Amino acid sequence: MDEKVQRTVLENGVRILSEQMDGVRSVSVGVLVDVGPKDERPDECGYAHLLEHMLFQGTGERDASSIAEMMEIGGGAMGAFTAREYTVYHATVLDEYLTFALEVLGDMLCNSVLPEEAIERQRSVILNEIAGNADPLERANALLKTQLWPDHPLGYPTTGSEKAVQSASRNSLLSFMSRHYIANKLVVAAAGNVVHNNFVSQVRDSFWQMKSGPIAPPPSPPIPQMGTVIVDRRDVQHVYFSLAWPAPAYTSSDRYTWHVFATLLGGGPTSRLYRRLREELGLVYHISAHYQAYGNTGTVVVEGSTQPQTLVLVLAQTLIELFKICDNNINPDDHHRTVQSLVSQHLISGDSAYVRMSRLVMQELYFRRILPSEEIISGLREQSLAALHEVTQSLCATGLPTMALVGPLSEELVNAVGNMLSDFGEAPTIRLTSQPTIVAL
């Protein structure tokens, strides 16, 4: 561990990490709670996300306006987000307001009252989001995960199901919170102008009343369902698409190779998909690929948008570029440039206190240790063309991807997509969101 990174575990189980950054006056502080859709029962689908909204709605001493106004005094910002495996509350403030920020965060996590009227407001906000009023690409990604991992908590949408959110009560949310907002599921980290011993004392003062509790074992790894296409017809101009293949977990020994592969495929303006589909063919404005990893599984996702009349060609060209990589058609210069780009991104992003804080909580959650930058850089630079070929072979062997399409999709266009995919393998399965039955082409 870097000498500027320190770790302490409180008596109640809260894990505390800090990283001193020279020459800055700000501090980014984050509280990661090890709870997300992965921990929800079917009748609780969306509770983690709804609860994240509710913790900003007031405590016994502060209402929602007071929480926002008090954070502005520190010259910073406060926010939160729910991921599939965890929830994070964060703030960035001037260093002299760190104690103040921790006090507010501790009050929110320990003393929120979940006002009934606020539950109704936030319920309405989230139901609108579920109804598809959010970004179409986000909609495509959410649908993709539900099809890739059906009937598994990791496949639950972070926004939740309409039925569960509609029926959520104050008592059911309090019960969910009491089971999961416990000290031994908390990681509190700060990066910036922070002194570790002082930070530990501040965290202890803010979270002393949080108790430890039993932690349920994680669900077994999901079995991916491949070759399914889910179609969501929307009145928008473009078709938004998202494709997924299985990949290893966050802590896999092959994780660096998968990062290199995803970046080479669609990680930027020099990637295979961007150059071919945008620069050479002019078929898309946006297309990208990402390796998305979780505690016991992962996926490679290709996403983008195009006009309806070019959708079939875009999807076909995407698969062709993937198969070219699988056939070891990789330019060594492209490989070298991709690795160096990831190394440079890692180093540049490390100038941000928020990024440093985020690395601390994520590495503690998944590795139970902090990975030095030198180890990460070495892991990236050790990836050879042979290693890259090996993982791409395993990906191509899984067959047709799972796919989500959102946009103005006629029956004729959906059938054309199915026929094109059949040329690459066995016939896919098509599912319409407005028609829950599965129809095999």
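Along strand S12 (residues 429–432), which side chains point to one face and are buried, and which point to the other and are not? Ile430 and Leu432 share one face and are buried, while Thr429 and Arg431 look to the other face and are not. Buried here stands for under 20% relative accessible area, with exposed being over 50% and partly exposed in between (1.4 Å probe, protein chains only). Strands, like helices, are DSSP runs numbered from the N terminus (E, at least two residues, for a strand; H or I, at least four, for a helix).

A word on the model itself: it is predicted, so local features need pLDDT of at least 70 and side-chain atom pairs count only at pLDDT 80 or more, while totals for chains, interfaces and linings use all residues. Residues are numbered from 1 along each chain as its sequence is written, and side-chain values use heavy atoms, with hydrogens and water left out.

S12 has a partner in strand S7 (residues 228–233): the two run parallel and are joined by four bridges, where pairing takes at least two DSSP bridges between the strands. One residue of S12 already met above, Arg431, is the bridge partner of Ile230.

Next comes the largest pocket, with a volume of about 1,200 Å³. Its lining counts 34 residues, and the closest to the pocket centre are Tyr250, His259, Tyr291, His346 and Arg359. A pocket is an open set of points on a 1 Å grid over the protein atoms alone, where a 1.4 Å probe fits, with protein on both sides within 12 Å along at least five of seven lines; lining residues have an atom within 4 Å of a point. The volume is the space filled by probe spheres set on the points, which are joined across faces, edges and corners. Helix H13 (353–367) is among the elements that supply at least two lining residues each, and with nine residues H13 gives the most.

Finally, the aromatic rings make eleven pairs. Rings of Phe, Tyr and Trp (its six-membered ring) pair if their centres lie within 6.5 Å, with planes under 30 degrees apart called stacked, over 60 edge-to-face and the rest tilted. In one edge-to-face pair, Tyr97 and Phe100 sit 6.4 Å centre to centre with 70° between the planes. Trp258 and Phe261 have ring centres 6.1 Å apart and planes at 85°, so this pair is edge-to-face. Trp258 and Phe261 are three residues apart in helix H9, so about one helical turn separates them. Trp258 is buried at 4% relative accessible area, and Phe261 is buried at 1%.
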